[in-house]
Amino acid sequence: MDKFVVKGGNRLHGDIYVSGAKNAAVAIIPAVILSDEPCTLENVPDISDVSIGLKILREMGAKVEMVDKTTFTIDATHLMNSEVPYDMARKMRASYYFLGACLGKFNKAMVSMPGGCPLGDRPIDMHLKAFETLGAKVGIVNGVVNVETDHLYGGHIYFDKVSVGATMNAILAAARADGLTIIENAAREPHIVDLANFLNSMGADIMGAGTDVIKIRGVKYLRGTTYSIVPDQIEAGTYMIAAAATHGDVMIRNVIPKHLESITAKLIKIGVNVEEFDDAVRVWTSRPLVKTNIKTSPHPGFPTDMQPQIATLLTLVDGPSLVTETIWDSRFAYVEELRRMGANITIDGKVAIIEGTGSLKGAPVKACDLRAGAALIIAGLAAEGVTEIEDIHHIERGYENMDGKLRGIGADIEKRYFPEENAAVKSS
Ligand code: UD1
């Protein structure tokens, strides 16, 4: 399997550019199905989850043309098929957005239960409940979800828990439904707002995205649009932490500083300097870093998708720091790998107790999921010696050219290819 080999110790320095947001792109790509005309998407990140989403669209009969590396024109107007090929849906969690999009357009959808990062139990009961509220019948047979109705009506959806995916799927299904849909206790992440902005740019009538009450008045026709995907908040936050962990000085460009506020606030508490510009943040250190406590929560709280990266930073400062994970059951799998690099972390249920040791040592480690992989790269950049990171396909699901971008700001990181091993794994 391919590996990243990181030689630690270089201070990161210079400008790095953030790509379009993965979690917006993986919803907006299926959302194109809802349009009655071709659409052009700009600032599309070059990551494997996006390739899978585009491949699914092609297999379903859409015409997808690459205009340049980050721009795609998609014509899904002649698409008649509302079934997502089983093998591809299994490869990414976000394939569940094809449920909402196909239901909204064709009144039916068939998608296998999603794959994605192993973060513990990842139910989709709230997505299905939302579809039922809009009048759909839901069935699950042999791991394939089937939703169907003669007519979709607006409805009043109240989510017991804040869910990004369920909120997005409810928006997708309701955009063309007959009448008014109200979503209460909606998620407020920047990618929710981005999906609503995309649909509104096609003529949808969605109000309140970014708050916990979203109102959607269904429309009969959605026109084509050209839309630029929002910058990736988590990619930006990851590079902010990489800059801090290496005591570097990095200008992170193509960001929306407002989306980074919870990350910026914690970094400032740790003693990192952060200066905000219109579409950039400069991150650097000028004094010893200090411990802090972190608790993940839905937006605008501290994102769970930044938890492994900031925990890694906290291993490098004088401890103890407490990191509490409130969203996912299995988001501490990376801790075992950090321990191999000398980190002193104890897990007590949802809490990681980090005794900062001030340094880490290079070691062979495995990326057990996407953000864990990013955290191990940060650990490798800050560690003494060489860190070899396996299973980097997880990282490539969500970070565009991470090694190349980091090399551009002075990191000693290299991707080693092992084509024979890859072939053996693929055929097994
Ligand atoms: C999305 C992100 C993921 C991020 C997460 C939380 C994408 C593709 N992925 O995942 O990177 O970590 O938001 O910010 O955007 N839940 C239920 N029933 C449901 C749905 C969710 O109980 O039907 C629970 C989950 O188990 C979890 C919590 O709600 O404990 C939040 O999950 P959710 O926000 O839905 O995460 P995803 O949309 O899957």
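**Exercise 1. State how strands S17 and S18 pair, and place them in their sheet.**

Step 1. Strand S17 and strand S18 (residues 321-324) run parallel and are joined by two bridges. Helices (H or I, at least four residues) and strands (E, at least two) are DSSP runs, numbered from the N terminus. Two strands pair if DSSP finds at least two bridges between them.

Step 2. Ile294 has Val323 as its bridge partner in S18.

Step 3. The order S17-S18-S20-S19 describes an open sheet of four strands with mixed pairing. S17 (294-295) and S19 (344-348) are the edge strands; each has a single partner strand, so one side of each lacks a neighbour in the sheet.

The model is predicted: local features need pLDDT of at least 70, side-chain atom pairs count only at pLDDT 80 or more, and totals for chains, interfaces and linings use all residues. Residues are numbered from 1 along each chain as its sequence is written, and side-chain values use heavy atoms, with hydrogens and water left out.

**Exercise 2. Describe the two pairings of strand S10 and the unit it belongs to.**

Step 1. S9 (residues 156-158) pairs with S10 (residues 180-184) in the parallel sense, over three bridges. Within this pairing, Ile157 is matched with Ile183 of S10 as bridge partner.

Step 2. Together with helix H6 (residues 164-174), S9 and S10 make a right-handed β-α-β unit. A crossover is right-handed if, with the strands pointing away from the viewer, the path from the first strand over the helix to the second runs clockwise.

Step 3. S10 is also joined to strand S12 (residues 213-217), by five bridges, and these two run antiparallel. The bridge partner of Glu184 in S12 is Val213.

**Exercise 3. Check the span of helix H2 and list what covers its buried residues.**

Step 1. The expected span of a helix is 1.5 Å times one less than its number of residues. For the 13 residues of H2 (residues 48-60) this should give 18 Å, and the end C-alpha atoms are 18 Å apart, which agrees.

Step 2. Buried means under 20% relative accessible area, exposed over 50%, and partly exposed in between (1.4 Å probe, protein chains only). The buried residues of H2 include Val50, Leu54, Leu57 and Met60.

Step 3. An α-helix has 3.6 residues a turn, so residues three or four places apart point the same way.

Step 4. Contact means heavy atoms within 4.5 Å. The cover over the buried residues of H2 includes helix H1 (22-31), strand S4 (63-68), strand S5 (71-75), helix H3 (86-91) and helix H4 (97-106).

Step 5. Just after H2, Gly61 has a positive phi of about 115°.

**Exercise 4. Determine how much of helix H4 is buried and what covers it.**

Step 1. Eight of the 10 residues of H4 are buried, so the helix is mostly covered. Among them are Tyr97, Phe98, Cys102 and Leu103.

Step 2. Their cover includes H1, H2, strand S6 (108-112), helix H5 (125-133), strand S8 (144-148) and H6.

Step 3. Just after H4, Asn107 has a positive phi of about 65°.

Step 4. Ser82 lies in the loop between S5 and H3. It is buried, with a relative accessible area of 7%. Beyond neighbours within four places in sequence, Ser82 is in contact with residues including Met60, Cys102 and Phe106.

**Exercise 5. Classify two aromatic pairs and one charge over a ring.**

Step 1. The whole structure holds three aromatic pairs. Rings of Phe, Tyr and Trp (its six-membered ring) pair if their centres lie within 6.5 Å; planes under 30 degrees apart count as stacked, over 60 as edge-to-face and the rest as tilted.

Step 2. Tyr96 and Tyr97 are edge-to-face, at 4.7 Å centre to centre with 85° between the planes. Both residues are buried.

Step 3. Phe198 and Tyr227 are also edge-to-face, at 5.5 Å centre to centre with 70° between the planes. Phe198 lies in helix H7 (residues 190-201) and Tyr227 in strand S13 (residues 226-228), so the pair ties together parts 29 residues apart in sequence.

Step 4. The charged end of Arg282 sits over the ring of Trp284, 3.7 Å from its centre. The criterion is NZ of Lys or CZ of Arg within 6 Å of the ring centre and within 35 degrees of the ring normal.
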